[in-house]
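Let's take a walk through this one together. Have the sequence and the 3D view open side by side, and we'll start with a pair of charged side chains.

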Amino acid sequence: MEPSHIKEETPSENPDSLEDKKILIVYLSRTKNTKALAAIIQRKTGGDLVEIELEKPYPEHYQSLVDQVAEENRTGYLPPLKTKIQNMESYDIIFVGFPTWGMQLPPPLKSLLSIYDLTGKTIIPFNTNAGYGIGTSFETVKKLAPNSKILDGYSTQGAKERDGILFVMEGTKEKQVDKDIELWLNKIGLLK
C-alpha cells in the first residue's frame, strides 16, 4: 500500500524556483564595477537590467562626492531618482547592486528601497567595495525592506576610486568573479 499523501516536489512547485518568476536587477555604479556584476547576474538569471540614475547626478570629483554622501547620510537625505521602475509590482525577485560608500548603503539605494513597496518580494543584495567589505549596507537593505525575504548577498572588491583605480572588473578578475557569482547563484537557488 502506497501512502497517497506523499508526492514528489517538482521544480515548478518549489517556491524559490526561477520558473515563472520575474527578475529585476537594479544597480548603482560609479566606476562600472557594480555594472559588470549586474551584467554577469543578468546573463546567469535572465532578469531585466535597470541602472539607477539620479535627478541631479553626483559630482565627478571624488572628494566632493565623499563629502556630499557623508552629509546625506548624516541628515538622512534621500536623493530623488531619475530612474522610474515601471511595474515594480510584477517582479518577484529583485537583485539590488551597489558599491559600499562610507561603509554604508549609498543614499540612492535608500531612496529606491523607500519609494517602492517590496512586500512579499525576494531581495538579494550584491556589492562592490574598495577592500573594506560591506559595512552596514546589507543590514540596511534588511531594515528598509522588512516585509521582504532577503537572501544571502554577494560582495567582491572592486575599484579603489580614491587611489585612482577606477575599473578593475576585467581580465582574470572578471573571470574569477564570474565563477564566484555562478557558485553564489547556485547556492541561493537562482541560477537559470
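The side chains of D178 and K44 meet in a salt bridge, with 3.1 Å from N to O. This pair links distant parts of the chain, since D178 belongs to helix α5 and K44 to helix α1, 134 residues apart. Are these two residues buried or exposed? D178 is buried, and so is K44. Keep in mind that this is a predicted model, so everything here describes a prediction.

D178 has another partner too: the side chains of R43 and D178 meet in a salt bridge at 3.0 Å, again N to O. R43 lies in helix α1 and D178 in helix α5, so this pair ties together parts that are 135 residues apart in sequence. In general, side chains of opposite charge can pair when their charged atoms come close.

How many salt bridges does a search of the whole structure find? The count is six. Here are three of them, with their N to O distances.

| Salt bridge | N to O distance |
|---|---|
| R43 and D178 | 3.0 Å |
| D178 and K44 | 3.1 Å |
| E71 and R74 | 2.7 Å |

The E71 and R74 pair sits within one helix: both residues lie in helix α2 (residues 62–75), three residues apart, which is about one turn of the helix. E71 counts as partly exposed because its relative accessibility is 38%. R74, at 62% relative accessibility, counts as exposed. Elsewhere, salt bridges that share partners join R43, K44, D178 and E182 into one network.

**How α1 and α5 meet**

Now zoom out from those charged pairs to the helices that carry them. Two packed helices are described by the angle between their axes and the distance between the axes. For helix α1 (residues 33–45) and helix α5 (residues 171–187), the axes come within 10 Å and cross at roughly 50 degrees. The two helices are therefore oblique to each other. The crossing of α1 past α5 is right-handed.

Which residues make the contact? On the α1 side they are L37, I40, I41, R43, K44 and T45, and on the α5 side E174, V177, D178, I181, E182, W184 and L185. Sorted by class, the residues of this contact divide into seven nonpolar, one polar and five charged. If you've been following along, you'll spot R43, K44, D178 and E182, the network members, in that list of contact residues.

Another residue to find in helix α5 is K173. K173 counts as partly exposed, because its relative accessibility is 27%. K173 and Q157 are 16 residues apart in sequence, and their C-alpha atoms are 9.7 Å apart in space.

**Over to α3 and α4**

A second helix pair is worth a look. The axes of α3 and helix α4 (residues 137–144) come within 10 Å and cross at roughly 20 degrees. That angle makes α3 roughly parallel to α4. Here, too, the crossing is right-handed, with α3 passing α4. The contact brings K110, L113 and S114 of α3 together with T140, V141 and L144 of α4. By class, that gives three nonpolar, two polar and one charged residues.

Helix α3 also holds S111. With a relative accessibility of 3%, S111 counts as buried. What is S111 in contact with, leaving aside its neighbours within four places in sequence? The answer is L78, P79 and L81.

Just ahead of this helix, have a look at G102, in the loop between β3 (93–99) and α3 (107–115). G102 is exposed, because its relative accessible area is 62%. The C-alpha atoms of G102 and T136 are separated by 9.6 Å, although their positions lie 34 residues apart along the chain as a sequence separation.

**The whole chain**

Finally, step right back. The secondary structure of the protein chain comes to five helices and six strands. Reading along the sequence, you get the pattern β-α-β-α-β-α-β-α-β-β-α. The chain has 192 residues, and 43% of them count as buried. Among contacts in the chain with a separation of 6 or more, residues 24 or more positions apart account for 79%. The salt bridge of D178 in helix α5 with K44 in helix α1 gave us an example of distant parts being linked, at 134 residues apart.

Technical notes
Residues numbered from 1 in each chain as written. Predicted model: local features only at pLDDT ≥ 70, side-chain atom pairs only at ≥ 80, totals over all residues. Heavy atoms only, no water. Axes fitted to C-alpha atoms, helices over the stretch in contact; angles between N-to-C directions. Helix = DSSP H or I, 4+ residues; strand = E, 2+ residues; numbered from the N terminus. Parallel < 35°, antiparallel > 145°, perpendicular 65-115°, else oblique. Left-handed = near helix turned anticlockwise from the far one by under 90°. Contact = heavy atoms within 4.5 Å. Nonpolar A, V, L, I, M, F, W, Y, C, P; charged D, E, K, R; others polar. Salt bridge = Lys/Arg side-chain N within 4 Å of Asp/Glu carboxyl O. Buried < 20%, exposed > 50% of the residue type's maximum accessible area, 1.4 Å probe, protein only.
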